[in-house]
Amino acid sequence: MEMREAGVEEIGLFYLGESFMCKWLEEAVYFAKHVAKFPYVFLTTNGSLVTEERVKKCMENGLDSLKFSLNYADEDQFFEIAQVKKKLFKTMIQNIKNARKVRDENNLKCGIYASYIQYDGEQGVRMEGMADEMRPYLDELYALPLYNQANLVAEEEEERGWAMTAGNRGRLDNLRDPIPCWAVFQEGHITWDGKLSACCFDHDGRFHMGDLIETSFMDAWNSDKFIALREAHLKKDVTGTVCETCVAYA
């Protein structure tokens with residue numbers, strides 16, 4: 001409610017991890033849309049737990065956008081990288097198709113989107129095959145560059161021979177300069193335990209800017225720590241900040 005009162009118009013009910021693991025996700029969608037009255041409520045999911053029943057309830061409760069992350073070309077790569085059972089890849093693909101069916105058959109108003117990583121070389125060719133199969137079931141499918149996620153996955157991906165992009169630059173068809181990073185000015189990320197983070201790649205808490213259990217959202221958003229980080233980005237010199245290790249600067 002506080003974020004909405006501060007003027008925030010869009011809210012994504014996910015961060016790190018799989019959104020549909022939350023058993024009360026449907027209720028959260030309803031609260032965000034009809035109680036807090038956010039104009040735009042969205043989710044991102046890997047698709048493995050997106051059953052028809054849950055999709056229908058989320059859409060009925062006011063979900064505006066459901067986006068799937070399609071970052072694997074086939075079940076073999078799904079197993080190799082995600083290190084989960086191969087059959088979950090087929091489940092994910094079928095769940096996307098089912099989500100489109102649920103929306104259309106029930107005349108529900110929710111966009112269905114997907115993004116995939118535009119790898120290079122042979123992997124890029126493999127990804128295009130998967131993308132072509134899924135396009136008929138999506139309102140939009142777009143490519144993202146391969147991020148190194150604040151330098152947390154660089155070594156592993158480099159060993160595979162994949163080229164990574166610098167920083168959080170957005171879609172491939174609308175790339176932004178890595179510094180200043182647009183996200184530190186436009187996005188707030190809140191962890192499960194109430195920490196406000198400056199980065200969508202904050203896997204280990206290094207980007208925490210304030211504790212919303214102890215302070216208000218706006219106080220954390222305008223904290224000295226967050227302001228200093230933004231100033232460093234505007235100067236295009238993030239030396240000594242938490243962003244220094246990101247390939248946006250390295």
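**Notebook: salt bridges and a surface patch**

I began with one pair: Glu52 and Lys101 form a salt bridge, with 3.5 Å between the closest N and O atoms. I then looked up where the two sit, and the pair turns out to link distant parts of the chain. Glu52 belongs to helix H3 (residues 52–60) and Lys101 to helix H5 (residues 87–105), 49 residues apart. A reminder to myself: this is a predicted model.

Next I checked how open this pair is. Glu52 has 35% relative accessibility and counts as partly exposed. Lys101, at 36%, also counts as partly exposed. Both values fall between the 20% limit for buried and the 50% limit for exposed, so the label "partly exposed" fits.

How many salt bridges does the structure hold? I found 15, and I followed up a few more of them.

Lys86 and Asp76 meet through their side chains at 2.9 Å, N to O. Lys86 lies in the loop between helix H4 (75–82) and H5, while Asp76 is in helix H4, so this salt bridge ties together parts that are ten residues apart in sequence. I noted 36% relative accessibility for Lys86, which counts as partly exposed. Asp76 is partly exposed too, with a relative accessible area of 44%.

Then I turned to the strands. Lys195 forms a salt bridge with Asp211, and their closest N and O atoms are 3.9 Å apart. Lys195 is in strand E7 (residues 195–197) and Asp211 in strand E8 (residues 208–211), so the pair ties together parts 16 residues apart in sequence. Lys195 counts as partly exposed at 21% relative accessibility; buried would need under 20%.

I also came across a network of salt bridges: Arg100, Arg103, Asp104 and Asp139 are linked in it.

After the charges, I looked for nonpolar side chains on the surface. Which residues form a nonpolar patch there? They are Met1, Tyr30, Phe31 and Val35, with about 380 Å² of accessible area together. I picked out Tyr30, which lies in helix H2 (residues 25–35). Tyr30 has a relative accessible area of 43%, so I logged this residue as partly exposed.

Last, I stepped back to the whole protein. I listed ten helices and eight strands. Of the 250 residues, 46% count as buried. The accessible surface comes to about 13200 Å², and carbon and sulfur atoms account for 50% of that. Among contacts with a separation of 6 or more, 63% are between residues 24 or more positions apart.

Methods: Residues numbered from 1 in each chain as written. Predicted model: local features only at pLDDT ≥ 70, side-chain atom pairs only at ≥ 80, totals over all residues. Heavy atoms only, no water. Patch = residues over 30% accessible without salt bridge, like charges linked within 9 Å, V, L, I, M, F, W, Y side chains within 5 Å. Areas by Shrake-Rupley, 256 points an atom, 1.4 Å probe, with all protein chains shown as cover. Salt bridge = Lys/Arg side-chain N within 4 Å of Asp/Glu carboxyl O. Helix = DSSP H or I, 4+ residues; strand = E, 2+ residues; numbered from the N terminus. Buried < 20%, exposed > 50% of the residue type's maximum accessible area, 1.4 Å probe, protein only. Contact = heavy atoms within 4.5 Å.
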